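These entries record what I looked up in the structure, topic by topic.

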Amino acid sequence: MTVTRLELEHLALGTLDDARRAELEAAASGDPELAQRVAAVKASVAASSDLPVLNLPPDTAPWWSRLLRPAPLGVAVLVAALALLSVRPDIVDMRSRGGGLELSVHQVRLGEAALQGAVVYAKGGDRLQYELVSPISGHLAVFDLQDDGTLSPFMESRPVSAGEVVAAGVVLDDYAGSERLYFLVDPEPLTHARVSGAVQRAWDEPLAELDTLPGAAAHQRSVLVLRGEAP
């Protein structure tokens, strides 16, 4: 059975038609891998739905919205994206292994949003809203790597089209150390095992210097998150 991410999001939100819902629930009861996907998407949707409302000052739409018609975003991504598509992020196209990946990150604290660079000074409860343009048709994933070695998917691997604009957000927990968010786009699916293998190969590199994960994806960008106030 082919089960799409969008169907799982509708299932989590209770908006999937009854017949398909019954079919998926029956399939998941006998398929541990599918059951794990259902649980992960439900957790993702619940976390996204809890994000506070973001009110940003109106501005012109991003330049690419006048050139491209983005493919539909998943329900959970739409919930998390909120208002970022109405803000011009002034993206700088930085090059990394395999090509360019356009990315903007806003830090939201107490209703105020500020465009960030390669280093973000943050604290628990801050929200990071990110928006990127996929350079290829392939797969997108966002992973968080803490300085204690913990690797967590912030966005599970999902298909994207060339030029697709993807926007989402995450609320930071109270982890006291530093962490780095990796935005990965590759022709092949980006599994946890694959990204974890890249982390292991770069184990001796300090997190602050590990801008990319060699071998993890053809197109990469990352943002280093440090706890505390900017110096």
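**Entry 1. Strand pairing**

I count two strands as paired if DSSP finds at least two bridges between them. The model I examined is predicted. By that rule I looked up β7 and β10, which pair in the antiparallel sense over eight bridges. Within this pair, H139 stands opposite D186 of β10.

I then turned to the other partner of interest, β8. Seven bridges join β7 to β8, and the two strands run antiparallel. L145 is the residue I found opposite L151 of β8. β7 and β8 form a hairpin with four residues between them. In that turn I noted G149, whose phi is positive at about 95°.

I also asked how many residues of β7 are buried. The reply is nine of its nine residues, and I record β7 as mostly covered.

**Entry 2. The chain as a whole**

I stepped back to the overall composition. The chain has five helices and 11 strands. It holds 231 residues, and buried residues make up 45% of them. The exposed area of the chain is about 11500 Å², of which carbon and sulfur atoms supply 55%.

I next looked up how far apart in sequence the contacting residues lie. Taking contacts between residues at least 6 apart in sequence, I found that 73% join residues at least 24 apart.

**Entry 3. Strand β3**

I looked up β3, residues 102–109. Seven of its eight residues are buried, so I describe β3 as largely enclosed by the rest of the structure.

Its bridges were listed next. β3 is joined to β6 (residues 127–133) by seven bridges, in antiparallel fashion. Here L103 stands opposite L132 of β6. Four bridges join β3 to β4 (residues 112–115), and this pair also runs antiparallel. Q107 stands opposite A114 of β4. The hairpin of β3 and β4 has two residues between the strands, and in it L110 takes a positive phi near 55°.

**Entry 4. Nonpolar cores**

In soluble globular proteins, nonpolar side chains tend to be buried together. With that in mind I asked which residues touch the most other members of the largest nonpolar core. They are L128, Y130 and F183, in a core of 22 residues. I noted that β3, β5 (119–122), β6, β7 (138–146), β8 (151–160), β9 (165–171), β10 (179–186) and β11 (219–227) each supply at least two residues of this core.

I followed F183 further. Leaving aside neighbours within four places in sequence, I found F183 in contact with residues including L101, L103, V105, Y130 and L132. A141, V142 and V223 are also among the contacts of F183. Apart from the largest core lies another core, of 17 residues, among them A141, F143, V195 and V199.

**Entry 5. Helix α5**

I looked up which residues of α5 are buried, and recorded V195, A198 and V199. They cover an arc of only 100° around the axis, which puts them on the same side of α5. The cover over the buried residues of α5 includes β7, β8 and β10. On the face turned away from the buried side I found the exposed residues A193 and R201.

A193 lies in α5, which spans residues 192–201. I record A193 as exposed because its relative accessibility is 61%, and the cut-off for exposed is over 50%. I also checked A193 against A216, 23 residues apart along the chain, and found their C-alpha atoms separated by 10.0 Å.

**Entry 6. Helix α2**

α2 covers residues 18–29, which is 12 residues. From its first C-alpha to its last it reaches 16 Å, close to the 16 Å expected at 1.5 Å a residue. In α2 I found R20, L24 and A28 buried. They cover an arc of only 65° around the axis, which puts them on the same side of α2. D18, A19 and S29 are exposed on the other side of α2.

**Entry 7. The loop between β8 and β9**

I closed with A162, found in the loop between β8 and β9. Is A162 buried or partly exposed? Its relative accessibility is 48%, so I count A162 as partly exposed. A162 and I136 are 26 residues apart in sequence, and their C-alpha atoms are 4.0 Å apart in space. Not counting residues up to four places away in sequence, A162 touches S134, P135, I136 and S137.

How values were computed:
Residues numbered from 1 in each chain as written. Predicted model: local features only at pLDDT ≥ 70, side-chain atom pairs only at ≥ 80, totals over all residues. Heavy atoms only, no water. Expected span 1.5 Å × (residues − 1). Buried < 20%, exposed > 50% of the residue type's maximum accessible area, 1.4 Å probe, protein only. Arc of directions from axis to C-beta. Contact = heavy atoms within 4.5 Å. Areas by Shrake-Rupley, 256 points an atom, 1.4 Å probe, with all protein chains shown as cover. Core = buried A, V, L, I, M, F, W, Y, C linked by side-chain atoms within 4.5 Å.
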